[in-house]
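Here's a quick walk through a few buried side chains and a couple of helix packings. Have the coordinates open while you read.

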Amino acid sequence: MSLLALVLGYFLYGKFVERVFGPDGRETPAVTKADGVDFMVLPNWKIFMIQFLNIAGTGPIFGAIMGAKFGPSAYLWIVLGCIFAGATHDYLSGMISLRNGGVGLPEIIGDTLGEKTRKLMLVFSVVLLVMVGAVFVYSPAEILDDMAGTTTMWIIIIFAYYFIATMLPVDKVIGRIYPLFAFSLLFMAAALMVVLFAKWPDIPELWDGLGNKALTVDPSWSSQLFPCLFITIACGAISGFHATQSPLMGRCMKSERMGRPIFYGAMITEGIVALIWATVASYFFYAEPQPGYQLITEFSNNGFATSAPKVVNIICNDWLGVVGGILAMLGVVAAPITSGDTALRSARLIIADFIRVEQRTIKRRLLISVPLFLCCIALLLWQVENPDGFNVIWQYFGWSNQTLSVFTLWAITVYLLRNGKPYYFTLIPALFMTTVCATFLFVSKQAFGMPERVGYILGVVVLMVAIGWFHIFESKYKKNNK
């Protein structure tokens, strides 16, 4: 049912969102600004595969596995979040960029929410993207360390690849290897779905209730369903990081009319991947008469506490054999690396847009890339030296990621209002995600760590303030533009 809902969401709701924006036959930046580096026309199928891998990484896998610990509510958030928030967010942010010369996210936000917000989002976006680069170096390096070499050796190799992929034209590295990795990720998900249908395990369903099933398995895992579920499952439902990536592919599209299959379609595809992994994880944690992990002796003592990467390797090797092990390695290692390099590429372009420095020449690309990589290396060194460094960065990345989606949704809403288009369908997700991020900030131990009741009350206060602010803005705008 959830799978069917996602497919129907693409054809029905996606068509509605497309009709609201109104793509036409005008020339795109890939044609008008062609520079042979970042602006160039690529085949539509290749753009889709690159876009999917850019926004996916390990997000719809790890996030869905951790989110499954909340129980069947994870399915509901993936489906509703993806259709009404995530895919809408990705499509409209990508199309607004495309319509405005392929500009980056800070420029989009600045044009709608003001110059001060643009500068804030410039810093916020670049810091987030550098965090992505650092996080997605260390985790695959540790995994590869178990196979051969040392963590330091793999970090150096991954960074060398990052630098090459960030500097070279988009068709030289990204355009050639990303479709292969994207296919591997999709094939792995499809194979797992086939096995799920074959096994048809007895797992919690939506009609069994939306409560935190984690507490019935391991009482020590007591994270709040709200707002933690909506931070944990990001890339499979809505992710601000995606809005930094969509302009990369918008600069390679020949026609605006390909926006729905590329932007909205890639997000729906990611939602399907997340849904599959959430279901697989439910089997692993909750299946009757015994959870899936109990069938594997090596991990029977870890059970519910088994980490997401280990769940991926266990399931793929157990269900898919040697081929599954190879695909799991591609998913756990290649996917984060490919997300990391496009994150740093996006950061280079965002800074270039801000300081108005062309990127056709290698010298100008180096001018921005070298300081970026030095910052990323510094963050990585701190991460390696700090025993809990990876977890700390990941937690801040999760909240920052969703907060960026809040600013993007507000920018999209204001853009639609100013262009005389329906905007309440983006206003509602903007208000919801504003409440989620604010409440998480209040109750999270990594931030203010307030008592739940106080945090929830303050979250409602933030919601009321947001509604009031937009009502005042809306009234003034309509009065001044009669």
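Let's start with a cysteine: Cys82 is buried, at a relative accessible area of 0%. Keep in mind that this is a predicted model. Does Cys82 have company in being buried or is Cys376 exposed? Cys376 also counts as buried, because its relative accessibility is 0% and the cut-off for buried is under 20%.

On to sulfur chemistry. A disulfide is a covalent bond between the sulfur atoms of two cysteines. How many disulfides does the structure hold? The count is zero. Cys376 illustrates this: the nearest cysteine sulfur belongs to Cys375 and sits 8.6 Å away, whereas a disulfide needs the pair within 2.5 Å, so Cys376 is in no disulfide.

Another buried spot is Thr166, a residue of helix α8 (residues 151–167). Its relative accessible area is 1%, and it counts as buried because that value is under 20%. Which residues does Thr166 touch, leaving aside its neighbours within four places in sequence? The contacts are Asp341, Leu344, Arg345, Arg348, Ser369 and Phe373.

Now for helix packing. Two packed helices are described by the angle between their axes and the distance between the axes. Helix α5 (residues 73–99) takes part in both of the crossings below.

| Helix pair | Axes come within | Crossing angle | Handedness |
|---|---|---|---|
| α5 and α17 (residues 424–443) | 10 Å | roughly 115° | left-handed |
| α5 and α11 (residues 225–232) | 11 Å | roughly 55° | right-handed |

Take α17 first. The axes of α5 and α17 cross at roughly 115°, which means α5 is roughly perpendicular to α17. On the α5 side, the contact uses Trp77, Phe84, Ala85, Thr88 and Leu92; the α17 side brings Phe425, Thr426, Pro429, Phe432 and Met433. By type, the residues of this contact are eight nonpolar, two polar and no charged.

Then there's α11. Here the axes cross at roughly 55°, so α5 is oblique to α11. Ser73, Ala74 and Trp77 of α5 meet Leu225, Leu229 and Phe230 of α11. The residues of the α5 contact with α11 divide into five nonpolar, one polar and no charged.

Which α5 residue is worth clicking on in both contacts? Trp77 is listed in the contact with α17 and again in the contact with α11.

Definitions and conventions:
Residues numbered from 1 in each chain as written. Predicted model: local features only at pLDDT ≥ 70, side-chain atom pairs only at ≥ 80, totals over all residues. Heavy atoms only, no water. Axes fitted to C-alpha atoms, helices over the stretch in contact; angles between N-to-C directions. Helix = DSSP H or I, 4+ residues; strand = E, 2+ residues; numbered from the N terminus. Parallel < 35°, antiparallel > 145°, perpendicular 65-115°, else oblique. Left-handed = near helix turned anticlockwise from the far one by under 90°. Contact = heavy atoms within 4.5 Å. Nonpolar A, V, L, I, M, F, W, Y, C, P; charged D, E, K, R; others polar. Buried < 20%, exposed > 50% of the residue type's maximum accessible area, 1.4 Å probe, protein only.
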